[in-house]
Every structure is written in structure tokens, then in C-alpha cells.
There are 2 protein chains.
Amino acid sequence: MKRLSASFLPPISLDRAKGHPVYRQLYDWFQRAIASGQLRPGQRVPSTRALAAELNLSRIPVLTAFEQLLAEGYLETFHGAGTCVASSIPQETIGPAPGQSLRKIGQASQRKGTRKISRGSRAVKSLAGQAWLKLSGAFRMHLPALDHFPMEIWSRLVARNIRKGGKSLMAYGDAMGYAPFREAIAEYLGAVRAVRCDPSQVMVTTGSQQGLQISASVLLGPGAPVWMEEPGYPGAHQAFATVGVRLIPVPVDGEGLNVAEGIRRCPKARAVYITPSHQYPMGMTMSATRRMQLLNWASRAGAWIIEDDYDSEYRFGIRPIGSLQGLDSDARVIYIGTFSKVMFPALRLGYLVIPEDLVRMFSVIREATDIFSSMLYQAVMTDFIKEGHFARHVRRMRGLYTERCRALEESLRAEMGRLMEVVSADAGMHLVGLLPSHFHDVAVSQKAAQSGISAMPLSNCYLKRPSRPGLVLGYGPTDRAQIQDGVRTLSKMLRSAPESTAPESARHIHNHFSD
Amino acid sequence: MKRLSASFLPPISLDRAKGHPVYRQLYDWFQRAIASGQLRPGQRVPSTRALAAELNLSRIPVLTAFEQLLAEGYLETFHGAGTCVASSIPQETIGPAPGQSLRKIGQASQRKGTRKISRGSRAVKSLAGQAWLKLSGAFRMHLPALDHFPMEIWSRLVARNIRKGGKSLMAYGDAMGYAPFREAIAEYLGAVRAVRCDPSQVMVTTGSQQGLQISASVLLGPGAPVWMEEPGYPGAHQAFATVGVRLIPVPVDGEGLNVAEGIRRCPKARAVYITPSHQYPMGMTMSATRRMQLLNWASRAGAWIIEDDYDSEYRFGIRPIGSLQGLDSDARVIYIGTFSKVMFPALRLGYLVIPEDLVRMFSVIREATDIFSSMLYQAVMTDFIKEGHFARHVRRMRGLYTERCRALEESLRAEMGRLMEVVSADAGMHLVGLLPSHFHDVAVSQKAAQSGISAMPLSNCYLKRPSRPGLVLGYGPTDRAQIQDGVRTLSKMLRSAPESTAPESARHIHNHFSD
């Protein structure tokens, strides 16, 4: 079979009327496309033979056009590599858009209109973002130890599913996700998180971020007040802000969210966002009393509870705690989880457990949002769980993170002395180091970044004025040597830093649990 | 190395105080978990050895607890398959949530609150959905000919990228997408769609549906009026409805969107959604005059133009047409495309080309939505394009769809006679067959579904009252034999159908282009 031409053929319409030379039309088309940047420097153009065949022409006008374009420096040829757009275009010819000359015909000059964006997006932009996700220095957050991921096994499962998957993994899937995967998730959550649900209540999402955003879209509207833990998770601030929610900061203390204070500040909130297993970022577990208070309030007030159970897999030597969802008898809890940090972030798989009466609505909104999640990784993950690799991987990583957590704590205690108060970490993949109150944690962070340290400032997590400056230090991908080096560098920096003095007048030393 | 236990270990906290027998605590925990449905029938429970080791106990209390659970019928054992939750639980014990007894202590009885969802989601639910995506009969829409996908090549590229990808394909990626993929897309669009952009303006999305939804989120707010082609694309109705937009139907005619009518109905619309290359669903191309009118109006009014260039790869024997974006010199156009129908839907890869001044905002909103797209398929698709497989695949499919389109048209003309007016298809992967005005196309669709035909009713595409009933017939995945059988079945059905009589009084025969 004759090999089909591999190059892309441009959308050229030719006027075949007499008196309108074809070579001229071709020349004009390419010249405008190149001059306006539509065809980019170095980009390959079709061969004269392919172009002539596609346009049903003799090769002669095509060759003529190309010769002129080559002579004038718009095109370049390379032996064995065909013809390309020249890497530097004749400057004086960079011109207007191909359509512009048409537009000037008969048009009065016109005032140009404004370029408005939505109010909601402006609100999102004003929040501290998740820029910290993409950093690559020591102590970066949200990243697991990728070196320790069982890539051999994973690759094998991917290859198997690509081979055997067939059309079921290629066509449109259910907005709720791949059924066997949803069953595996329901079983897993029932077993380890005391979540009570039927697989029909499980929606597979693109990470927990999508779970947050879909929940906001279904349940909340512009101006709806929502309690947010203060300090709390910046990603949640952003997700809720996209639908214009009014974020009400509610302080946390040693027992987690201060429910009484929430009720005082906003008794009729429409929802509350909590991280009860392992508060983000401070790390405490929500006490049984507070859990009951919250469930009772939500039931009376008709409010939704959005439970984000991140990092629940990793608890070091302390008593395990079940989900809040498992205690909820009024179906108020929307339970969110993710595989991003247990597996790897680019997997983009998380889950929602949805009260039965809301499943249909969540499904409709998901369809309107991006229809469904890609099937391949769902199928691979199902095998990974069912064949026991996932449980083994979690156990192995739990051991690794326990070591790294201890190493970081020891190192900080040894090097920092009074400079940093370590908030005792007994779970998860990060800890918080509080700084003396005259420090400016954003400035410290920025300076640390110059030395290859990606410590997130604690103030990023506050909606209002932070109680106390601090750094959030991840230890997921940071090995022992990097931990020690990183802490030493940070310590030297803090001891010598002029920006340790806050621009504003010295603050009182607050208990970091107060508002 | 000792093989790690593969089963999941439950979050049981034990009270080790004297007088509180451990076996009793274990029994209680499992009994409640099983009775409340948290552990599901047939679900495996850990072995007594693993459980004892995890909880740091002697095996004896664990065995005692399990023996009682087995005796009472909560657990079952199978040789070689361990112990599982019984497939049928003792009925009289199905009880309240584990936390409920706690909640009753000291609580006054309370009135339960309401269960409110957002106004926006109610609006989305009221629209005709995209239920048609998941059907599997002849003439189903939006699905390519999956049998003809070059799976061998694709699998090879997936395997290569899994092997060589490493950590860059596992960690957090850019909200805008994988850089080499964005470059390949920019080059492709410049070459074949006359789109002018730098790769920095390209955002990779989860299909075009996400492109629509993100655009709506950035640019539009509740109540913002947006022109929608009438009839138009239901997926767009849904995406815009999620942010509470006011959808203004604007009729289409032989030249595409009737811009003058749009200006008459809503001169200050914030945006317009169009499918200028191949109107969805009617198929006409937007004329040059209308394009200019639209660009001029948008520039004066400060409105955004959301151009959805679906199916532009497939034009059969007619003059190719460039994108509207290529004619736009005021950076008003947000250009949306997808690989779903050229490749396969579960790929979940589409793209947005964003005006430069909006790139940052789109990126922020994307981060708040689901952060970024999974990396593997982006890398594989980049290779697929760069190595020429994509261009070859498109050409091959173009030939296939040309054949299928002709076959369907011939078959319809032969079988239907005056029963169906075929709207001439010269592009894309579907055509419209108009029915006599006394037919009720939703009823026809539902009946056809019973015979394995998935013809979408044209009324699905209308926001207001449809001009004329019809069926939208896809021929992507339907081969010649299925086409002939399907048309014959449909023809028989239409000739004999009692529901051809509309419930309401007979309508006048409208020109399908009028409003």
C-alpha cells in the first residue's frame, strides 16, 4: 500500500477562474500564513508533490510558488528534511491577520469593546494559589517518593490493559467512572476508612481537586457561606471560590475545628469543609466530641459537610481513626479522597462518596464539566488494587514516611533550637515548623527557594491574618541526606536573615491555636 | 523478604484497660461494621494472623472474636480463599450507623434540616443531557470507528512512554499541559486550521467539554447573556448552564448563525458560542460575510466568541475552510477543539487556544478545577503526531467517513422517499434527516431505540420550540451493512408508527431554517 503522506495539508481554497493565477494564490496564502505567524519558524510545509495532489493541480504552479517563497526567504530547504518555514522571517513583512484587509473594506473605524472576565475568576485569582505544587526543591509538598513507586508492576499492568482493553476502554464511559474500579474503591474505603457506601455512590474524579470543584458546583452558589478551617487548605479555597462562595474562616485548636466558634460566626452556613483525620496543615485529628457537635449542627442547619480525607493512609504509631462519614446517619457528608499522593499525582484519580439522593445531580454536573474520566488508568488501578499491590505499596510507604518524618523532626530539633517550634507530626507527609512571631514567612520562603528549598509559607493557608508565621515542610520525596542538608541550610538562613524582621510592628506571640 | 500482607487492615482502636476484653471489642467493631454495611457482603477480611500482628495482640482474642462472628453468620470461610463477610447478613441485626448510639446520648430530638443544592445545578439538570453519548446502537453520535484505530502503533507508543517517562510523567504538571504536546498542537492548528497562536496560548483539556466549562467559568457569570446557535450543541448548553449563564437562542440559516437576528435579540451579549466550520447539528459552514459581521459585532460590543471547531478534519470533496480564529485581529476568539472523535473518546484530550491576555486567568481557574491533565496520554499523543501517525490516521478516516456518509445518504434516499429530507452532509460524522412536521422526534427516537437504533432527536438541540422534527444520525462507527439494516428498520418504523402523530395539534410545515 502506498504510504500516505505524513504531513499536514493546509486549508487552501483556490479560485480556478481564468485570470487568477494559481501560483499567485498559493504564494499569497503561504506568504500571509508565514508573515502572520500562523505557520511558525521551522515548521515543515508539505512537499510540492503532496500539495499538488491534494489540490488537484499540476506540480508546476506549486513549484513556482515555492521557488518564489524560497527566494524571498520565507521558506528554507534542507537535504533529506524537506522544506520548512524559515527560522527568521523577513522583518518588514510581518503584517496583519489574513482577514484584516477584508475587514477594512467599507468599515467605519470602530471603538473596541472591553475585555471582561467573570467576577468569580477574579476572586479565585486573588487567593494564594497552588504554585507550591510545581516546585522541585527539598521539602516540597504534596509529592510522594516517586523513586519508590513500583514502576515495573505498574508498567506491566498498563501494557496488559492496553492490549486487552479493547473498545470498552476507548468509548464514552460513565460520568461516575469505571464500575469495577468504583467497587474496588467502595470495598477499600469500607475496610480501612469506615466509610459506608454502595459502589453506586462512588464517583471517580480527576484528583480530589475535581471532587472539591464538582461538590461546590452542585451544592453551593454565589454568596453561599461556607466554614473553612483556619488555617486551611488553599486548594479548597480556590475550588469554592470558582463558584463565588463566601469563605468564612473558623479557627482550629488542639481538637480540630472549633465548631462552637463556627456556629457563633455563621450559624446558617450552607456547608463546612474539613480535614478531620489529619487537619491541613496543622495535623491534629478532630476529636470525637467535635465530630458529634459538627454532625449535629449540620443536621439541624441543613448544611453539607465536605470531608477531605487526604493522607489518611499514613499514621505513625498512633491510634487509627475512622472517617466522619462513617458516623453520619443523616447523609450530610460528601467524602473526598485521592490517589495522587499514595500513587503519583499525574495519575489524576480521586473519588467522591456521595449521599444517595445527590448521586444523580453530581452525575449531571460531571457530564456538563468534562463528561467522564479517562478509562485506561481506572482499569489499571483496579488491577493494582485487586491483585494486592496497592495494599503492599501503602504499607511500604508508611514505613518510609515514618522514617523520614522522624529524621526531619530530629534534624529540626538539633539544628533549629528555639528558632522553630515543630508541631508534632504523627501522620501524613508534612509537618509544620512555627517561627518566632517577628518572622515574615513569605519572605523566608522566597529566600529559601534561592537555596533550593521549597518550604511553603504557613500564611498561604490563612484566609485572614495568620496567627503565627511558619513553614510547611513536606518530606514525601525528600530522603535523609536531603533532609539533613535542607535543615542545615534553612537553619543558617534563619539565623542570619534580615527579613526575619517583619515590616509591620512586632506582633505578640500568639498561641498558634488562637484566632 | 517476607511477603507483606495484601489485605486491608481496618481502623480499629483498642482500649487496653483491664476489664474491657479485647476479643469483645474486636467482635463489636466487626459486628457493627458488617451490620451497618460498611463492610460489604463477600468482602474479604484480614486473616487472624495479620490482624493480631497489626494490632500488636496475641492471636487468641482475634480467633475468639472471629469464631463468634462465624458462628453467628457474620463471616464465612472458604478453603483457600480466606474469610469473608457473609453474603447474607442476619436480617434482624441490620442497625444504625456506628455513631448513632453516641449521638442519642444527651441529645434532644431535633428537626432535620433541608438538603439544598445550587440553583445552577438545577438549571443544568433541566436541559436535555448528553445521554446519547452512551448508547450503542446504529447511528450513535460522537463515536468514531474504533475498529479502525491503529491500536498496534498506539500500544507501542504507550509502552515506550511508560518505560522512558520517568518522574516527569508522574509528578505535578503544568495547568496548561505538557509543553511538547502544546507545541505539536500549535503547529498542527497553524498548518491545517489557519489558527494563529504561540504554544503558550494552548491549554490541554479533558476533551472539548472541559474547554467549554473552563471558558464559561473564566469569562461568564450568573445571568450573563450568551448567544447560542438554535438548534445547537446540547453539551454547550450544559457547560454554560453550570455557571448560570442566560442562554439566548439565535437561529441559523443557510449561511450559519443569523448575526443580525442575534444583534436584534440581544445586542449586549457577553459571548457567543458557534460552530462555524460545520454547524452542530445542521452541518452548514458559516459564510465569510457572517464571519465578518460576527467579528465586527464582538469587537464593538466587547463580547467573546467561543469557536468550537469539532469535526473540522473531515470535509468531503468541498473547499476547505479556515478557522474564524485566524481571521480575528482583536483577540476575541477562544478556540476549542478535541481529539475525542479523531482518536477515541476515552483519550480525554482536547485543547483551548486562548487570547494572550487571558492565559494567566485560564490557568488559575484550571488549577482550581482539577489542576492539570494526566501526563501519559499527552506524551503518547505528542509522539503519535510527531511521527506522522496522526496525519495518516486522519487521512484514512476521512476516506472511510466519506464512504459511510455517501452510503447513508443513498440508503436514506432509496428507503425513505418523502418521509425524510436529508440535510446534505459534506463533512463530519453525522447528518440530519428532517421528518414531516407531524412527527414527534423524541417518540420516534425512543421507539427506534427498542430496535437497536440510537438516533438522536433533533429537538434535543433546541433551547426553545423546535422548528421541525428530525433525527441526527451518526455514521462514524456504523459500517455499510449496519447502515443499510438500520435505515430499513427505521423506514419500516416510520411508515407504521402511530406516534408519528404529534400529541399537540398538527404543526405547519416550517422551513427548517426559520426560527
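This is a short tutorial chat about reading a predicted model with chains A and B.

Me: Before we start, what should I know about the numbering and the cut-offs?

Reply: Residues are numbered from 1 along each chain as its sequence is written, and chains are lettered from A in the order in which they are written. The model is predicted, so to speak with care: local features need pLDDT of at least 70, side-chain atom pairs count only at pLDDT 80 or more, totals for chains, interfaces and linings use all residues, and side-chain values use heavy atoms, with hydrogens and water left out.

Me: Okay. How many helices and strands does chain A have?

Reply: Chain A has 16 helices and 14 strands. These are DSSP runs numbered from the N terminus: helices are H or I with at least four residues, strands are E with at least two. Of the 515 residues in chain A, 63% are buried, meaning under 20% relative accessible area with a 1.4 Å probe, protein chains only.

Me: How do I read a strand, and which way do the residues of strand 9 point?

Reply: In a regular strand the side chains alternate between the two faces of the sheet. Here, A:Val333, A:Tyr335 and A:Gly337 point one way from strand 9 of chain A, while A:Ile334, A:Ile336 and A:Thr338 point the other way. Strand 9 (residues 333–338) is mostly covered, with six of its six residues buried.

Me: And which strands does strand 9 of chain A pair with?

Reply: Two strands pair if DSSP finds at least two bridges between them. Strand 8 (residues 304–308) of chain A runs parallel to strand 9, joined by four bridges. Strand 10 (residues 350–353) of chain A runs antiparallel to strand 9, also with four bridges. Take A:Tyr335 in strand 9: A:Glu307 is its bridge partner, and so is A:Val353 in strand 10.

Me: Now the two chains. What rotation superposes chain A on chain B?

Reply: Two copies of a chain are related by a rotation about an axis and a shift along it. For this pair, the rotation is 180 degrees and the shift along the axis is 0.0 Å, with an RMSD of 0.1 Å. The copies are thus related as by a two-fold rotation axis. The fit is by least squares on the C-alpha atoms of residues with pLDDT of at least 70 in both.

Me: Which residue of chain A comes closest to that axis?

Reply: A:Ala159, with its C-alpha at 3.2 Å. The same surface serves both copies, since 99% of the contact residues of chain A recur in chain B; contact means heavy atoms within 4.5 Å.

Note on methods: Buried < 20%, exposed > 50% of the residue type's maximum accessible area, 1.4 Å probe, protein only.
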